[in-house]
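Subject: Structure handover

Hello,

Here is the structure I promised to pass on. Please open it first, then read the notes below.

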Amino acid sequence: MAAIKETDSAQLHQEDVSLKRGADEDAPAAADGASGPAVKNDAATSDVDTKPSTTTPERHISIQTKLEGLEMLVDLNGAGRKSCPLCPEDKFKACYSHKLRRHLQNLHWKVYVEFEGQKMCICHLPCRHLKPSLTGDQVSGRHVAHYHCVVCSATIARKTDMVSHLKRHVNKGETEASYCGGSEPPHEEPAPSGQSYEIMKELGTNVQLLPNHTVPQKSDSYFNRRMKTNRQLVFSSLAVLAEERSPLECLDAFGATGIMGLQWAKHLRSAVRVTITDISDTCVKMIKENCELNNIRVDGGSRGPRGADGNPGEGKGLSITTVEVAKMDANVIMHLRPFDYIHLDPYGTAVNYLDAAFRNVRNLGIVSVTSTDTGSLYSKSPNVTLRHYSCHIVRTEYYRELAARMVVATVARAAARCNKGIEVLLAVALEHFVLVVVRVLRGPSQADESVRKLRKLVHCQWCEERVFLKQGTMMDDTLPCSCHESLPGKTAVHLGPLWCGALFNTGFLRRMLSAAVQHSMDDVQPLLKMLICESECTTLKTPPHGSTSAFANQVECGVVIKTSESGEDAAGQFGKRKKADEPGPVVKKLKPDASLEHPSFYYSIHRHSIRGMNMPKLNKFLQYLTEAGYRVSRTHFDPTGVRTDATLQQFKSVLTKYSVPTYTKAGAAPTSVSTEPTTTGPL
């Protein structure tokens, strides 16, 4: 039977060859006629070559609606060995029909991604352009497998990435399986792998993105949509500084797509002079294109305004502002030029750029640092933490605030090396980033005062009580708990050194909230309101946004800074004359008040819950702590956390007092109350 099948397949192959030869012989005769089908095919082919953006290309063979469509790509009913249409010859050799059918079902069809009835099967053909490895060879084997997007025909390797890619198409309303880029002007260089740019709008600013912008290893212009909160917080802090003095020299050291610097320039206009830098040629080119997209002129050297005669982009509309775009390393430009506001947002840690940032930053300027290396910040990689931040930390219930204080301590040490001190205006630690905003105070005395706030933290591994260690004290004697007396062995560890000062400035946060309301940033307003309550350590609501006088004052590191609107009131209040022609803020030194120190850290109500007891609601528990005479507020670090100046024993005593016993059965006796936490050992 096998010999008969081989004979039949050879006969079919011979018939196919004869048919192809007959078609080749008829082709010249048909080409002589003007109305022949070959002429129409050539015309259609020429149209595709000349106008690729106005035609819809054929779908890839890996995109099918049913399994039968995938099996129809090859004649499984015929005899002989057949090759897989979605695998190269070196990966899957030709085989018989029954084996090829199992291969199509188990390898290609089983892992498909469905979108509007279309099923995108995995493809192993060499149609994905990969970057060469360190040795110059192309990545082979399993790395070649990919999916073809049914909407934009992009090639994506992982199934989860393809699902996320399709969700972005749905959010933008791109659900039709078409791939056209004719509406966009032609670029000098094509996008990588033949992919097109997509337009994203945020805070009134349009930017171009590559389809693989979410993967920093495969795209130079990395963009993260989840960092929108971070960008709005940075924008609000810059808007507050612009109210104090203008124009400001601002630097976005890691531009990528340039969206942050473009938002500054588009909304603050003449109050800021924005400089966007990046080391990548692709990013610099895309930033310049995004400037044209938002009617922002790219500065070629001079910063003065240009008239209608000198503006080359007059046909597209007048430029609303000017932005300087430079291809330069972040350390180099920060060493060469002074700035009033510097934002550092590298991919990972920013410790390599802190020394250059504090070298030339102006007095009373602001430096904002965004760290995204959550693995080392959140105690997942302690060795990396020790290398980058020179801190020893362990996983605790307050690990996010621990990460924020660790970043602030690193920033304070970098500023002290340049004879500068810092005042922390804002410290936010969320799921995927840690943002620290500090004001720079020049002088060795300010640097010494900042360094004195770097201390070790004593942490109990059993009850998780913690306290900052003072010089000259014993480790176990400083802890309020008695775990070291009742339990054997070493119960406490030293963490840090960490920043022991306040993490928030109430006056600055109020002015940030006012700026967020003014620029219609609704997403960040709830977070700012919570930060204001946390900075005051109170559960009261914030004052209304319309009262601008409440946002004028801010005390930073014992320095009262008043804007020009409240300058006359400051002169009358402190008895100090102010000249009529004196610009800028008024600065006056104040004595620190020890009674208003911000409580350090917080306790999780669920972490310290009592067995056999029903806890009160969180808002009720905050009220009980306030009635007991403690300062209390919620915290953005943990939704179940309570920031208070009470010790852990006092915290648990109030929790025990207002907890209700749990009854397992009706009429049964209540369970015994235990003040021990739910965990029985160190974390």
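Two residues are in contact when heavy atoms of theirs lie within 4.5 Å. Take the contacts in the protein with a separation of 6 or more: residues 24 or more positions apart account for 66% of them. Please keep in mind that this is a predicted model.

The overall picture comes first. The protein has 683 residues, and 46% of them are buried. Its secondary structure consists of 20 helices and 26 strands. The accessible surface comes to about 34700 Å². Carbon and sulfur atoms hold 52% of that surface.

Now the interior. The largest nonpolar core has 111 residues. Met334, Leu344, Phe358 and Ile422 have the most contacts inside it. Helix 13 gives the most to this core, with 12 residues. There is also a second, separate core of 21 residues. Leu469, Leu479, Cys481 and Tyr603 belong to that second core.

Helix 13 deserves a look of its own. It covers residues 399–416, which is 18 residues. From first C-alpha to last it reaches 26 Å, close to the 26 Å expected at 1.5 Å a residue. Is helix 13 mostly covered or mostly uncovered? Mostly covered: 17 of its 18 residues are buried.

Next, Leu344. Leaving out residues up to four places away in sequence, Leu344 touches Ala253, Phe254, Met334, Ala350, Tyr353, Leu354, Ala357, Ser368, Val369 and Thr370. Met334 is thus on the contact list of Leu344, and both rank among the core residues with the most contacts.

Then the sheet. It is open, has 8 strands and shows mixed pairing. The strand order is 10-11-9-8-12-13-15-14. Which strands form its edges? They are strand 10 (296–299) and strand 14 (420–429), each pairing on one side only. From one strand to the next, the twist averages 20 degrees.

Inside the sheet, look at strand 12 (residues 339–344) and strand 13 (residues 361–371). They pair in the parallel sense over 5 bridges. His343 has Ser368 in strand 13 as its bridge partner. Ser368 also appears among the residues that Leu344 touches.

Last, helix 14. This helix spans residues 444–451 and lies across strand 14 and strand 15 (434–442). It runs at about 45 degrees to strand 14.

Best wishes

Key
Residues numbered from 1 in each chain as written. Predicted model: local features only at pLDDT ≥ 70, side-chain atom pairs only at ≥ 80, totals over all residues. Heavy atoms only, no water. Helix = DSSP H or I, 4+ residues; strand = E, 2+ residues; numbered from the N terminus. Expected span 1.5 Å × (residues − 1). Buried < 20%, exposed > 50% of the residue type's maximum accessible area, 1.4 Å probe, protein only. Core = buried A, V, L, I, M, F, W, Y, C linked by side-chain atoms within 4.5 Å. Pairing = 2+ DSSP bridges. Axes fitted to C-alpha atoms, helices over the stretch in contact; angles between N-to-C directions. Areas by Shrake-Rupley, 256 points an atom, 1.4 Å probe, with all protein chains shown as cover.
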